[in-house]
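This report describes one protein chain, from its overall layout to selected residues. The sequence and structure are shown below.

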Amino acid sequence: MEGKYFIKDHNEEINKHEHVIFEFEDGTDLRYHDTRKFGRMNLVLKEDLETVEGVHKQGIEPIDPKLSKEYLYENFHKKKLPMKSLLLDQTIISGLGNIYADEVLFASGIYPEKLGVDITMDECDKIVSSSKRIIEEAIKCGGTTIRSYTSSLGVTGRFQQNLMVHKREGETCKNCGTIIKRIVVGGRSTYYCENCQK
Ligand SMILES: [Zn+2]
């Protein structure tokens, strides 16, 4: 939450919020900037990685080729929980936050409160392809975050312009013209198009 990395020249003055600095041989630093000090870092050997709490429980990342429709179906179809909550469950897919979960559900045509038990293999396939595409596009655009995100070059996330539903309550769906709605699912603000998402 709110932690950022910056690439800076090694000679550049250290900001008081830069708590961890990785020095590279080419004279640059990778600096971890954390105003609120919510971040945690562990120094571990690669072979011990699975023993670190929070790592062994992590699910599969969207851009990992191991993320398959079969894996998602296995993890979703026994659960009587809304799909929005299941997409945010970091032990299933790791790395989808509130913004991208809304966007993936829209791109997959899935109503956010649809339960995991009712999800089909075909829908899981759509979640796999849309989450890969959306995350890849977002990385290319330098992220999304409206408030606190800046890339290493200080550029704010341009992916906001590509958002189809998130934070677009009252605006029209870019796909069908229906008014985008906001509901709360599992305590999280959720935006969707009632016409495009069933
Ligand atoms: Zn729509």
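A residue is called buried if 20 or more other C-beta atoms lie within 10 Å of its own, exposed if 12 or fewer do, and partly exposed in between, with C-beta atoms placed from the backbone. By that criterion, buried residues account for 26% of the 198 residues in the chain. The model is a predicted one: local features need pLDDT of at least 70, side-chain atom pairs count only at pLDDT 80 or more, and totals for chains, interfaces and linings use all residues. Residues are numbered from 1 along each chain as its sequence is written.

**Overall layout**

The C-alpha trace of the chain spans about 55 × 40 × 30 Å along its principal axes. Two domains are assigned, domain 1 (1-41) and domain 2 (59-192), with bounds taken from an automatic or database domain assignment. The C-alpha centres of domain 1 and domain 2 are 29 Å apart.

Helices (H or I, at least four residues) and strands (E, at least two) are DSSP runs, numbered from the N terminus. The chain has four helices and five strands, in the order β-β-β-α-α-α-α-β-β from the N terminus on. Two residues are in contact if their C-beta atoms, placed from the backbone, lie within 7 Å. Of the contacts in the chain between residues at least 6 apart in sequence, 54% join residues at least 24 apart.

**Helix H3**

Helix H3 (residues 98-108) is mostly covered, with 10 of its 11 residues buried. Among the buried residues of H3 are Ile99, Tyr100, Leu105 and Phe106; Asp102 and Glu103 are buried too. The cover over the buried residues of H3 includes helix H2 (83-88), H4 and strand E5 (188-192). Gly109, just after H3, takes a positive phi of about 70 degrees.

**Packing of H1 and H4**

How do H1 and H4 pack? Their axes are 8 Å apart and the angle is about 120 degrees; axes are lines fitted to C-alpha atoms, for helices over the stretch in contact, and angles run from 0 to 180 degrees between N-to-C directions. H1 and H4 are therefore oblique to each other, given that angles under 35 degrees count as roughly parallel, over 145 as roughly antiparallel, 65 to 115 as roughly perpendicular and the rest as oblique. From H1, Lys69, Leu72, Tyr73 and Phe76 make the contact, and from H4, Met121, Cys124, Asp125, Ile127 and Val128. By class, the residues of this contact are seven nonpolar, no polar and two charged. Here Ala, Val, Leu, Ile, Met, Phe, Trp, Tyr, Cys and Pro count as nonpolar, Asp, Glu, Lys and Arg as charged, and the others, Gly among them, as polar.

Ser129 is also found in H4. Ser129 counts as partly exposed because it has 15 C-beta neighbours inside 10 Å. The C-alpha atoms of Ser129 and Glu70 are separated by 13 Å, at 59 residues apart along the chain.

**Lysines with positive phi**

Lys37 lies in the loop between strand E3 (28-33) and helix H1 (69-76), and Lys167 in the loop between helix H4 (121-140) and strand E4 (181-185). Neither residue is a glycine.

| Residue | Phi | C-beta neighbours within 10 Å | Class |
|---|---|---|---|
| Lys37 | about 55 degrees | 10 C-beta atoms | exposed |
| Lys167 | about 60 degrees | 16 C-beta atoms | partly exposed |
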